[in-house]
Amino acid sequence: MLAQENSIAQRLCRGVCRALLDLGYVPLSEFRLACGRRADVFALSDCGEAVIVEIKSSVEDFRTDQKWPEYQPWCDRFYFAVPETFPQHLIPEDCGLMVADSWSAAVLREPPLRPLAHARRRALTLRAALAASERLLRLTGPGV
């Protein structure tokens with residue numbers, strides 16, 4: 001069952017990243033925050049707005065993983081992304097909601113804006129730039 005949920009989550013992640021690109025964000029999947037938590041998708045806009053999307057592939061995944069409140073201090077907006085069959089009423093009202101598939105995602109509910117402090121935004125932006133650069137180097141670099 002876990003392998004199936006991972007496969008669903010990977011497909012949802014792809015759709016979320018594509019949708020975020022269309023919305024003007026640059027996403028990084030599996031992004032490690034300074035608090036040690038790993039965001040499913042972290043994205044920055046060209047004006048520096050930080051978004052975190054927590055992907056939930058099933059009701060069981062949502063109910064057993066309750067660490068999502070720890071992500072909220074690390075972004076301006078926090079969303080859940082779920083498949084179309086997920087019972088949407090389970091998602092807390094103060095969180096954004098996306099319905100995703102392999103190809104895209106639709107924002108059904110915008111979350112409230114919780115602006116980050118300048119120092120945290122700067123640190124997150126730098127951390128994201130370093131992570132993206134390192135990933136690109138691993139793909140295209142000289143085998144360092």
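Q: Which residues are linked in a network of salt bridges?
A: In this predicted model, the network of salt bridges links Glu 54, Lys 56, Asp 61, Asp 65 and Lys 67.

Q: What makes the pairing of Lys 56 and Asp 65 a salt bridge?
A: The name requires a side-chain nitrogen of Lys or Arg within 4 Å of a carboxyl oxygen of Asp or Glu. The side chains of Lys 56 and Asp 65 meet at 2.7 Å, N to O, and therefore the pair satisfies the cut-off of 4 Å.

Q: Why is Lys 56 called buried or exposed, and which word applies to Asp 65?
A: A residue is called buried when its relative accessible area is under 20%. Lys 56 has 1% relative accessibility, so it counts as buried, and Asp 65, with a relative accessible area of 12%, is therefore buried as well.

Q: How do you know that Glu 70 and Arg 37 form a salt bridge?
A: The closest N and O atoms of Glu 70 and Arg 37 are 2.8 Å apart, which is within the 4 Å that the definition allows, so the pair is called a salt bridge. Glu 70 lies in the loop between helix H2 (59-64) and strand E4 (77-82), while Arg 37 lies in the loop between strand E1 (25-32) and strand E2 (38-45), and so the pair ties together parts that are 33 residues apart in sequence.

Q: Why are Glu 70 and Arg 37 both described as partly exposed?
A: Partly exposed covers the values between the buried limit of 20% and the exposed limit of 50%. Glu 70 has a relative accessible area of 39% and Arg 37 has one of 28%, so both residues fall in that range.

Q: What separates Glu 134 from Arg 138 in helix H3, and why is their pairing a salt bridge?
A: The two residues are 4 residues apart in helix H3 (residues 118-140), which means that about one helical turn separates them. Their side chains meet at 3.2 Å, N to O, and because this is within 4 Å, the pair is a salt bridge.

Q: Why do Glu 134 and Arg 138 carry separate accessibility labels?
A: Glu 134 has a relative accessible area of 47%, which lies between 20% and 50%, so it is partly exposed. Arg 138 stands at 61% relative accessibility, which is over 50%, and therefore Arg 138 counts as exposed.

Q: How many salt bridges does a search of the whole structure find?
A: The search finds 12 salt bridges.

Technical notes: Residues are numbered from 1 along each chain as its sequence is written. This is a predicted model: local features need pLDDT of at least 70, side-chain atom pairs count only at pLDDT 80 or more; totals for chains, interfaces and linings use all residues. Side-chain values use heavy atoms; hydrogens and water are left out. Buried means under 20% relative accessible area, exposed over 50%, partly exposed in between (1.4 Å probe, protein chains only).
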